[in-house]
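Me: Hi! I've just loaded a new structure and would like to talk it through with you. Can you take a look?

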Amino acid sequence: MVTAVRHLGPNWYAAVMGTAIVATAGVALPVHLPGLRTICAAVWLLSLALLLALLCARALHWRHHADQARAHLLDPATAPFYGCLAMALLAVGGGALTVGRDWIGTTAAVALDAVLFTAGTAVGLAAAVAVPYLMAVRQRVEPRQATPVWLLPLVAPMVSAALGPLLVPYLPAGQPRETLLLGCFAMFGLSLLATLVMLPLVFARIVTGGPLPLALTPALFLVLGPLGQSTTAVGKFADVAPGVVPAPSSQGFGVLAVLYGVPVMGFALLWLALAGAHVVRARRHGMGFSMTWWAFTFPVGTCVTGAEALARHTGLVVYDWLATGLYVLLVAAWGTAALHTARGLLSGALLAGPRPVPVVLRTATARTTSGAVR
């Protein structure tokens, strides 16, 4: 077991995030199918079990393979995935209140979410500062290396912003509720502005540097994360603001949910089409399964919850249909990624170390004084 976790990176938390969002997005769908909530509760329980298993495995990784763990921190391709740890904690915690309470009770769900939200927010804020700092000071990255993975630590505070409002009704009325709501609003701004700074680098790299490597192509879906999650966040602010903040501000949150959410969701659909086209091209060129396929899950799930928020605040049926269609895509992506991950774990391929680069030996040649090759 100790040897098996040597190459277990923080990117594995993406599987927890992708599983949890299937549960939380499913319970808010406008389509009420018999047994759907029970299935979502079971999926949430699976995400909780995955989180606990990964936390233990990653603890073993740090305990017995500290050299590899430090190497991950100094690797610009791996360090951003520490944002996934924060988002996994937050996603499972939020799921406890939205659907997990059906099985564990409201009291236990609130306590679990409070612990995971606090831990996830602390880790997310630390990652949002530490990872860009390491990239600038220790890793010395170049613009041509920019990928959507760089967005991961910056999106984590946005997940806190979207899920924190779930705890507002369980706090004492008055300043505690208002403090949490406005604190989430501050994290919304923090993450949004940081994303707006980073996203042009990613887009410029894709347009001017050509397509991403085949195995990294699914990471294009990560751009959907801050788009869908920010739309979800403003919708949540509008849901809980009445009675928490004064009337003019609470009404402003309702306006923001529509005026911000509608155009951002439009851009998300544009990016979904662009990223999908890149993935189709990559598959035609031989792209096989890797853990980057989990990028098809959580980011799409945030677009589902964003469309659900717009459906609530606009009353438009088109957003109900959009949420349902995106959820079907989410479930298909989750099933595909989960199946391939299970196969990779059983075969041991996903936990194996990187393959050595084959060395091509060239035939030695010599030239005579006349220049002839012999």
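Me: Where does helix 7 bend, and by about how many degrees?
Reply: Happy to help! Keep in mind that this is a predicted model. Helix 7 bends at Met-198, by about 30 degrees. A proline follows within four residues, namely Pro-200.

Me: How many residues does helix 7 have, and how far does it reach?
Reply: Helix 7 runs over residues 175–209, which is 35 residues, and it reaches 50 Å from its first C-alpha to its last. That is close to the 51 Å expected at 1.5 Å a residue.

Me: And what is the phi of the residue that follows helix 7?
Reply: The residue there is Gly-210, and its phi is positive, near 85 degrees.

Me: Which residues of helix 7 are buried?
Reply: Among them are Leu-180, Leu-181, Cys-184, Met-187, Phe-188 and Ser-191, and further along Thr-195, Met-198, Leu-199 and Val-202. Arg-205 is also one of the buried residues. Met-198, where the helix bends, is therefore under 20% relative accessible area.

Me: What covers them?
Reply: The cover for the buried residues of helix 7 includes helix 5 (106–139) and helix 6 (152–163), along with helix 8 (224–240) and helix 9 (247–284).

Me: Let's go to the core. Which residues touch the most other members of the largest nonpolar core?
Reply: Those are Leu-181, Phe-221 and Phe-237, in a core of 116 residues. Helix 4 (residues 82–104) gives the most to this core, with 12 residues.

Me: What does Leu-181 touch, leaving out residues up to four places away in sequence?
Reply: Leu-181 touches Val-168, Phe-237, Val-240 and Ala-241, and also Val-244, Val-245 and Phe-253. Phe-237 turns up again here, as it is another of the residues that touch the most core members.

Me: Stepping back, how many helices and strands does the protein chain have?
Reply: There are 11 helices and 0 strands in the protein chain. Buried residues make up 49% of its 374 residues. Of the contacts with a separation of 6 or more, 82% are between residues 24 or more positions apart.

Me: What is the radius of gyration, and what would a compact globule have?
Reply: The protein chain has 22 Å, and a compact globule with 374 residues would be near 21 Å, so the two agree. The C-alpha atoms fill a box of roughly 90 × 45 × 45 Å along the principal axes.

Me: How many residues of helix 1 are buried?
Reply: 14 of the 15 are, so helix 1 is largely enclosed by the rest of the structure. Its end C-alpha atoms are 22 Å apart, which agrees with the 21 Å that residues 13–27 should span at 1.5 Å a residue.

Me: New topic: how many disulfides are there?
Reply: The count comes to 0 disulfides. For Cys-40, the nearest cysteine sulfur is that of Cys-303, 18 Å away. A disulfide needs sulfur atoms within 2.5 Å, so that pair does not count. Cys-56 is in no disulfide, with the nearest cysteine sulfur, that of Cys-84, 19 Å away.

Me: Are Cys-40 and Cys-56 buried or exposed?
Reply: Cys-40 counts as buried at 2% relative accessibility, whereas Cys-56 counts as exposed at 51%.

Me: Last one: where is Gly-315 found?
Reply: Gly-315 is in the loop between helix 10 (298–314) and helix 11 (317–347). Its relative accessible area is 57%, so Gly-315 is exposed. The C-alpha atoms of Gly-315 and Ala-66 are separated by 52 Å, and the two residues are 249 residues apart along the chain.

Methods: Residues are numbered from 1 along each chain as its sequence is written. This is a predicted model: local features need pLDDT of at least 70, side-chain atom pairs count only at pLDDT 80 or more; totals for chains, interfaces and linings use all residues. Side-chain values use heavy atoms; hydrogens and water are left out. Buried means under 20% relative accessible area, exposed over 50%, partly exposed in between (1.4 Å probe, protein chains only). Helices (H or I, at least four residues) and strands (E, at least two) are DSSP runs, numbered from the N terminus. The expected span of a helix is 1.5 Å times one less than its number of residues. The bend at a residue is the angle between axes fitted to the seven residues ending there and the seven starting there. Contact means heavy atoms within 4.5 Å. A nonpolar core is a set of buried Ala, Val, Leu, Ile, Met, Phe, Trp, Tyr and Cys residues joined through side-chain atoms within 4.5 Å. The radius of gyration is taken over C-alpha atoms; the globule rule is 2.2 Å times the number of residues to the power 0.38.
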